[in-house]
Amino acid sequence: MRMINCFLAAAVCLGSAASAGASYTPDFDNGVDVRLAIQAAIESAASAGGLLPAVPAPQRTVWVSMEKSDVGALDGALFKRAPVAQNKRVAIYEFEPADLDSLADGMYRAFRRDPGYFAHDTLEAALEDLKAPPAPPSRAYTIDQGPRVAQLLALVKEEPIVAAISRLSSFKNRYYTSATGVDASKWLQQEWARFAANRPDISVAPFKHAAFAQESVILTMRGTTEPEKVIVIGGHLDCVAGYGDNPAPGADDNASGVAVTHEIIRTLVEGGFRPAKTIKFIAFAAEEVGLRGSGDVAAAFNKGNVAVEGMLNLDMANYKGSALDIYFVSDNTSAAQNAFLGRLLDTYTEYKWGSFKCGYGCSDHASWTKNGYAASLPFESLFNEHNPFIHKATDLLLQTGGRAEHAFKFARLGVAYAVELAK
Ligand code: BES
Ligand code: ZN
């Protein structure tokens with residue numbers, strides 16, 4: 001019983017576990033997160049008293065925050081409950097995790113897309129969403145690493161992207177609560193650990209989530225001269241088809257984004273690149289169920305005062321549905337960083353780009369924006385021309401002819417971004 005209360009009132013329990021190890025200071029620069037220490041404290045308490053199992057208990061309540069304009073357009077049956085809290089813009093509701101499926105379906109019926117919501121483990125975390133997100137500090141973006149970028153761009157390859165999409169989409173699914181969803185995260189941790197060979201500046205660590213078993217994965221490339229400044233590059237590793245343990249290859253949504261992240265790392269390692277600032281490559285758990293994985297990670301970075309200078313979200317990169325090559329999502333992102341990314345494409349590639357609005361927090365960049373960081377999402381197509389197979393059993397690599405020509409462009413953009421921002 002104590003364990004269940006602990007997960008329902010995670011803030012209280014985390015607080016007491018953290019104070020038990022009072023001398024601990026989180027060291028994000030080594031890919032170590034305070035939650036790992038907390039987890040260790042919980043596990044050692046469990047082995048001492050035999051009270052806590054290592055596996056999280058099924059969670060009974062989730063707190064969902066939504067824009068009130070979206071709530072108004074939804075089927076009232078879903079909201080036969082009063083909001084727990086609200087202001088002019090946002091309302092917070094309590095849901096059983098099982099109700100989230102009908103919420104997602106109801107959203108799809110109303111909008112032909114999900115309006116987007118944030119799901120939280122604790123009420124305390126959900127209440128934070130009532131605050132307007134802080135604006136990231138303004139900064140100068142310069143482009144002056146021509147020879148280095150050119151040398152590295154020549155090393156980017158399509159074949160490793162194909163291989164990574166193929167492997168990730170071969171799991172039955174990567175759903176955040178399924179056994180294969182956990183396996184996929186473990187596989188990626190092993191795969192990325194290979195990049196750490198002969199590179200003491202590179203480390204790989206899981207980011208464990210209190211409410212579900214699938215782990216986010218963090219590869220840290222420690223900066224040489226300004227390691228406290230951090231650039232985040234990554235995308236979500238989970239996927240979904242009809243919610244639950246159904247076949248869901250998720251080749252485009254979002255094995256493609258994880259594979260592009262993988263190819264950016266591979267290229268930088270092959271080229272012997274050592275960034276001045278720290279780069280953290282992150283594959284997020286549990287995006288498809290309310291940005292929960294990135295929500296936890298971005299909130300932990302914010303709480304730990306990690307100086308994130310920019311976040312590049314890679315979500316859906318391999319389906320060329322529209323005329324131009326890359327489209328930047330213009331809402332819930334940083335206009336200044338989006339403009340910088342456009343200039344990177346103009347300077348280093350022949351790719352043509354545009355932009356569009358999702359109209360809601362459609363992916364993990366929104367978690368970083370909410371925590372006051374400059375985030376961007378370069379996307380594969382216009383919103384209404386995106387891959388029609390996503391969230392279905394047919395989201396397969398076959399749909400792009402077994403190729404990754406489109407995703408290749410995103411890997412080149414990511415390499416240029418890493419070099420010019422982490423200098
Ligand atoms: N990759 C999608 C986001 C997306 C889809 C952006 C199509 C642009 C066009 C992402 O994995 C996703 O499915 N997001 C959810 C919202 C989330 C808050 C649960 C969505 O858009 O339905
Ligand atoms: Zn999706």
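**Exercise 1. Find which atom of ligand 1 a polar side-chain atom of D315 approaches, and at what distance.**

Step 1. In this predicted model, a polar side-chain atom of D315 lies 2.8 Å from a nitrogen atom of ligand 1; a polar contact is a pair of N or O atoms within 3.5 Å, and within protein one atom must be able to donate a hydrogen and the other to accept it, while residues adjacent in sequence count only if both atoms are side-chain atoms.

Step 2. Two further pairs belong to the picture: a polar backbone atom of C362 is 3.0 Å from a nitrogen atom of ligand 1, and a polar side-chain atom of H391 is 2.9 Å from an oxygen atom of the ligand.

Step 3. Taken alone, ligand 1 exposes 520 Å², of which the protein buries 97%; accessible areas come from the Shrake-Rupley method with a 1.4 Å probe, and for residues only the protein chains shown count as cover.

**Exercise 2. Describe the shell of residues around ligand 1 by number, class and domain.**

Step 1. The ligand is surrounded by 19 residues, and the closest are E287, E288, D315, Y360 and H391; a residue is near a molecule or strand if one of its heavy atoms lies within 4 Å of it.

Step 2. Sorted by class, the shell has eight nonpolar, six polar and five charged residues, where Ala, Val, Leu, Ile, Met, Phe, Trp, Tyr, Cys and Pro count as nonpolar, Asp, Glu, Lys and Arg as charged, and the others, Gly among them, as polar.

Step 3. Domain 2 (62-130) and domain 3 (146-421) each give at least three residues to this shell, the domain bounds coming from an automatic or database domain assignment.

**Exercise 3. Decide whether T267 is buried or exposed, and list its surroundings.**

Step 1. T267 is placed in helix α10, which covers residues 251-270; helices (H or I, at least four residues) and strands (E, at least two) are DSSP runs, numbered from the N terminus.

Step 2. With a relative accessible area of 0%, T267 is buried, since buried means under 20% relative accessible area, exposed over 50%, and partly exposed in between (1.4 Å probe, protein chains only).

Step 3. Leaving aside neighbours within four places in sequence, T267 is in contact with L152, L155, V156 and V415, contact meaning heavy atoms within 4.5 Å.

Step 4. A polar atom of the T267 side chain also lies 2.7 Å from the backbone oxygen of E263.

**Exercise 4. Work out where R89 and E309 lie and which residues they meet.**

Step 1. R89 sits in the loop between β2 (85-86) and β3 (90-95), and because its relative accessible area is 31%, R89 counts as partly exposed.

Step 2. R89 and L130 are 41 residues apart in sequence, yet 7.7 Å apart in space, C-alpha to C-alpha; the side chain of R89 reaches the backbone oxygen of D129 at 3.4 Å.

Step 3. Beyond its neighbours within four places in sequence, R89 has contacts that include M66, E67, K68 and P133.

Step 4. E309 belongs to strand β9 (residues 307-313), and because its relative accessible area is 18%, E309 is buried.

Step 5. The side chain of E309 makes a polar contact of 2.8 Å with the side chain of K277, and E309 lies 6.9 Å from A374, C-alpha to C-alpha, although 65 residues separate them in sequence.

Step 6. Leaving aside neighbours within four places in sequence, the contacts of E309 include R139, K229, Q337 and L421.

**Exercise 5. Identify the backbone features at N198, at L291 and between D253 and N254.**

Step 1. N198 has a positive phi of about 60° although it is not a glycine; N198 lies in the loop between α9 (179-193) and β5 (202-207), and at a relative accessible area of 76% N198 is exposed.

Step 2. L291, also not a glycine, has a positive phi of about 55°; L291 is found in the loop between β8 (277-284) and α11 (292-303), and at 4% relative accessibility L291 counts as buried.

Step 3. The peptide bond from D253 to N254 is cis, with omega near 5°, and N254 is found in helix α10.

**Exercise 6. Summarise the whole chain.**

Step 1. The chain has 14 helices and 13 strands, and 56% of its 423 residues count as buried.

Step 2. Of the contacts with a separation of 6 or more, 82% join residues 24 or more positions apart.

**Conventions.** Residues are numbered from 1 along each chain as its sequence is written, and chains are lettered from A and ligands numbered from 1 in the order in which they are written. In this predicted model local features need pLDDT of at least 70, side-chain atom pairs count only at pLDDT 80 or more, and totals for chains, interfaces and linings use all residues, while side-chain values use heavy atoms, with hydrogens and water left out.
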